[in-house]
Amino acid sequence: MKITKDLYQSSLALLTDFYQLTMAYAYWKSGKAEQEAVFNLFFRKHPFQGGFTIAAGLDYVVDYCNSLKFSEEDLSYLATMKSKDNQSLFEVEFLNYLREMKFSCDIDAVEEGTVVFPNTPLVRVKGPLIQCQLLETPLLNIINFQTLIATKAARINLAAQGEPVLEFGLRRAQGIDGGLAASRAAYIGGCTSTSNVMAGKLFGIPVSGTHAHSWIMSFETELEAFEAYADAFPDQSIFLVDTYDTVNGIKNAIKVGNALRDNGKEMIGIRIDSGDLAYFSNVAREMLDEAGFPNAKIVASNDLDENIITSLKGQESSINVWGVGTKLVTAFDQPALGGVYKLSAIKDKNGEWIPKIKLSQQSLKINIPGLHTVKRFFSKGKAVADMIYLESQELNPQAALIIDPNDPTRRKRMMPAFYQEEILLKPIFKRGKLIYILPKINQIRDRVQLQLDSLDKTHKRMVNPHLYPIGLEENLHRLRMELVLKAKQVDNGIETEKSPGSNGVDSEK
């Protein structure tokens, strides 16, 4: 996949927020550009008030990092920027540094299609501070959107209960790239096809579609339109029946279906795009069955999402194929995931990793410090808990204690003898070299289904899902609390003393 080169210019280095470049310059100016750091990309709340999230976008991240280089055009543009006193904003030596800079970070990430939960790292970046910083905006841009859409698609497909969901939201998507990324993420999340032909070409997604109301309106009668369409596509005729009168449209579809059958062909089905979908789908089912078309599909569209599909299922509609557009590709009820990218550790002059903490009046926004990763525990094939822990910390071999990062009273003891374990962060880049074999899109899509199958059904409820246990290993929890107390004491001007066994972190005696 080379979507960045196919659609835009060869360099996307300037696809960033301006403050990333001003920080990069200040890092360089202060001699910190090459200092090693660790950043984590994560989110704090599930989208759509759900109980799970589907990680997506890693393929784009790999493509971006492999292509990361400032072009001469980029540098020429930066050279035109002026400060308030009309001096060059960036020194020539800094621009030369950017010209010679080669991507050299380590990146670890959860694989695309993995079910993920709040506060756990989706992507961990380790390397020169300046490079880690410059990756913030593009990584968030990529991961936030595709993860959001893949999650929405998974929810819609769960509501459809195994029936095909067709994605056709390109005309309502947020621009060209938004449409392409949405189609890719929707397919990963479980949709069976897309109407987006370019997405089909670039990503290998099956494409589907029939005709619009304009096709019907271009003929003198609806029957003529159906006959002409059947003549053009005798093996894949689905007729849109609600242009004028839905019941009469179904009758016309049946007439053309009989003509197709006389020629050894078979009508695939009908589509309803307006009105009372439950009522008209049941009318259509009865009419089609009586006419001898029990296998004809009934496709429904018209601003569907997981909530409307669930309602139509509850009304015992006869719909068995679902066309979903606007509310999927725009994530209509929550247009942003809210993922963040935070510094968690930095290496000092002695080569020691120093954990970093960010405070907030909202405990939810206090980050998790240190060089950490995440492990998932399984029991009888079901995921039961995720543990975030320091890579350098020796874990209790008998029973690890995990503590909820937002509610320390919520604790769970994980005894290895009773569980299988998987480390979720996989090595993707090592010193700037890609070491991960990217899976095919169908493999990612299959992974989503396997991951959802590993979740208890209570976590997949559309309303009030059960809370999946995610916790900090007790040593990481202790470190985090010590750093929080230290930062608050320093901020208040309180002297602190070093407590024994705290990894050099000051805490109140």
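Okay, the largest pocket. It holds about 840 Å³ of space, and keep in mind that we're looking at a predicted model here. What lines it? There are 31 lining residues, and the ones that lie nearest the centre are Phe168, Arg171, Arg271, Asp273 and Ser301. If you want to find the pocket on your screen, those five names are a good place to click.

Which strands feed into that lining? Strand 6, residues 165-167, gives at least two residues, and so do strand 7 (193-194) and strand 11 (321-324). By class, we have 16 polar residues in the lining of the largest pocket, along with 9 nonpolar and 6 charged.

Now the closed spaces. The count comes to 3 cavities of 30 Å³ or more. I'll go through two of them.

The largest cavity has about 70 Å³ of space. Its lining is Asn40, Phe42, Asn119, Pro121, Lys342, Ser344, Ile366, Asn367, Ile368 and His372. Strand 1 (36-42) and strand 12 (340-347) each put at least two residues into that wall. The class split for the largest cavity is 4 nonpolar, 5 polar and 1 charged.

The second largest cavity comes in at about 60 Å³. How do the classes split there? The lining has 8 nonpolar residues, 1 polar and 2 charged. Going round the wall, you meet Ala55, Ala56, Gly57 and Leu58, then Ala109, Val110, Glu111 and Glu112, and finally Leu122, Val123 and Ile143.

Right, salt bridges. Quick reminder: side chains of opposite charge can pair when their charged atoms come close. This structure holds 21 salt bridges, and I've picked three to show you.

Start with glutamate 91 and lysine 29. They form a salt bridge, with 2.3 Å between the closest N and O atoms. The two residues are 62 apart in the chain, so to speak in distant parts of it: glutamate 91 sits in the loop between helix 4 (72-79) and helix 5 (92-100), while lysine 29 belongs to helix 2, residues 18-29. Buried or exposed, then? Lysine 29 has 53% relative accessibility, so we call it exposed. Glutamate 91 is at 25%, so that one is partly exposed.

Next pair: arginine 124 and glutamate 391. Their side chains meet in a salt bridge at 3.3 Å, N to O. Where are they in the chain? Arginine 124 is in strand 5 (residues 123-128), and glutamate 391 is in the loop between strand 15 (382-390) and strand 16 (400-403), which puts them 267 residues apart. Arginine 124 has a relative accessible area of 5%, so it counts as buried. Glutamate 391, on the other hand, is partly exposed at 42%.

The third pair is glutamate 306 with lysine 152, and here the N to O distance is 2.8 Å. Glutamate 306 is in helix 14 (residues 306-314) and lysine 152 is in helix 7 (residues 136-160), so this bridge ties together parts that are 154 residues apart in sequence. What about burial? Glutamate 306 is buried, with a relative accessible area of 0%. Lysine 152 is also at 0%, so it counts as buried too. And this pair has company: Lys152, Arg155, Glu306 and Asp333 are joined into one network by salt bridges that share partners.

Last stop, the C-terminal stretch. UniProt has an unreviewed entry here, and it lists residues 373-479 as "domain: Nicotinate phosphoribosyltransferase C-terminal". In our model, the chain over residues 373-479 is 36% strand and 18% helix. The C-alpha atoms at the two ends of that stretch are 15 Å apart.

Let's look at some strand pairing. Strand 21, residues 470-473, runs parallel to strand 15, and 3 bridges join them. If you want a landmark, methionine 387 stands opposite glycine 471 in strand 21. Strand 21 also pairs with strand 16, this time in the antiparallel sense, over 2 bridges. For that one, look at isoleucine 403, whose bridge partner in strand 21 is leucine 472.

And remember where glutamate 391 was: in the loop between strand 15 and strand 16. That's the residue whose side chain meets arginine 124 in a salt bridge. Okay, that's my tour, over to you.

Methods:
Residues are numbered from 1 along each chain as its sequence is written. This is a predicted model: local features need pLDDT of at least 70, side-chain atom pairs count only at pLDDT 80 or more; totals for chains, interfaces and linings use all residues. Side-chain values use heavy atoms; hydrogens and water are left out. On a 1 Å grid over the protein atoms alone, a cavity is a set of points where a 1.4 Å probe fits but cannot get out, and a pocket is an open set with protein on both sides within 12 Å along at least five of seven lines; lining residues have an atom within 4 Å of a point. Grid points are joined across faces, edges and corners, and a volume is the space filled by probe spheres set on the points. Helices (H or I, at least four residues) and strands (E, at least two) are DSSP runs, numbered from the N terminus. Ala, Val, Leu, Ile, Met, Phe, Trp, Tyr, Cys and Pro count as nonpolar, Asp, Glu, Lys and Arg as charged, and the others, Gly among them, as polar. UniProt positions are given in the numbering used here, feature names are shortened, and annotations may be inferred rather than shown by experiment. A salt bridge is a side-chain nitrogen of Lys or Arg within 4 Å of a carboxyl oxygen of Asp or Glu. Buried means under 20% relative accessible area, exposed over 50%, partly exposed in between (1.4 Å probe, protein chains only). Two strands pair if DSSP finds at least two bridges between them.
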